[in-house]
Amino acid sequence: MTTTYPSLQTHSPTASCSPALWDALRDVTDPELPISVVDMGLIVDLAQHGSTVKLKLTFTAMGCPAMDFIMDDIRARLLQEPGVEQVEIEIVWDPVWTKARLTEDGIEILRTWGVSA
């Protein structure tokens with residue numbers, strides 16, 4: 001079973017789960033593979049409160065060398081969204097990342113690149 005995340009394709013633009021922000025984060029890719037942080041399952045929680053977006057983010061490993069790049073890209077992309085003036089990112093290690101967090105698209109992308117999912 002794979003995980004699914006909100007999207008404007010499945011939710012109203014005004015839904016409390018912020019589908020437009022989830023879709024925006026699909027533009028942010030891992031620096032090593034062409035897979036979005038959403039399809040990789042790195043976004044644990046995402047909510048907008050006024051002009052501030054609060055995001056909980058995990059990584060596949062504590063020593064991930066791309067952590068700062070990914071956070072900078074997330075922040076830059078979300079600040080392009082209408083009404084977003086501030087982005088707060090909290091790194092969390094619970095839940096622990098596993099391949100169960102991958103989307104179906106993410107699994108297919110990894111397989112295409114020769115990575116077992």
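Student: Is threonine 103 buried or exposed?

Tutor: This is a predicted model: local features need pLDDT of at least 70, side-chain atom pairs count only at pLDDT 80 or more, and totals for chains, interfaces and linings use all residues. Residues are numbered from 1 along each chain as its sequence is written, and side-chain values use heavy atoms, without hydrogens and water. Buried means under 20% relative accessible area, exposed over 50%, partly exposed in between (1.4 Å probe, protein chains only). Threonine 103 has a relative accessible area of 7%, so it counts as buried.

Student: Which residue has its backbone nitrogen 2.9 Å from a polar atom of the side chain of threonine 103?

Tutor: Threonine 103 sits in the loop between E3 and H3. Helices (H or I, at least four residues) and strands (E, at least two) are DSSP runs, numbered from the N terminus. A polar contact is a pair of N or O atoms within 3.5 Å; within protein, one must be able to donate a hydrogen and the other to accept it, and residues adjacent in sequence count only if both atoms are side-chain atoms. Here the backbone nitrogen belongs to glycine 106.

Student: In what order do the elements run from the N terminus?

Tutor: The chain has 3 helices and 3 strands. Read from the N terminus, the order is α-β-β-α-β-α.

Student: How many residues lie between E1 and E2 in their hairpin?

Tutor: E1 (residues 43-49) pairs with E2 (residues 52-57) in the antiparallel sense, over 6 bridges. Pairing needs at least two bridges found by DSSP. Histidine 49 in E1 stands opposite threonine 52 in E2. Glycine 50 in the turn has a positive phi of about 65°, and the residues between the strands number 2.

Student: Which element gives the largest share of the largest nonpolar core?

Tutor: A nonpolar core is a set of buried Ala, Val, Leu, Ile, Met, Phe, Trp, Tyr and Cys residues joined through side-chain atoms within 4.5 Å. The largest one has 31 residues, and those with the most contacts inside it include Ile43, Leu55 and Ile74. H1 (19-25), E1, E2, H2, E3 and H3 give two or more residues each. The largest share, 5 residues, comes from H2.

Student: Which residue of E3 does isoleucine 74 contact, leaving aside neighbours within four places in sequence?

Tutor: Contact means heavy atoms within 4.5 Å. Isoleucine 74 touches Leu25, Val28, Val37, Ile43, Leu55 and Leu57. E3 covers 86-91, and the partner of isoleucine 74 there is Ile89.

Student: How far apart in sequence are the parts tied together by phenylalanine 59 and tryptophan 93?

Tutor: Rings of Phe, Tyr and Trp (its six-membered ring) pair if their centres lie within 6.5 Å; planes under 30 degrees apart count as stacked, over 60 as edge-to-face and the rest as tilted. These two rings are tilted, at 6.4 Å centre to centre and 45° between the planes. Phenylalanine 59 is buried at 2%, whereas tryptophan 93 is partly exposed at 32%. Phenylalanine 59 is in the loop between E2 and H2 (67-78), and tryptophan 93 in the loop between E3 and H3 (104-112), so the separation is 34 residues.

Student: What is omega for the cis peptide bond at proline 95?

Tutor: Proline 95 is in the loop between E3 and H3. Most peptide bonds are trans. The bond from aspartate 94 to proline 95 is cis, with omega of about 10°.
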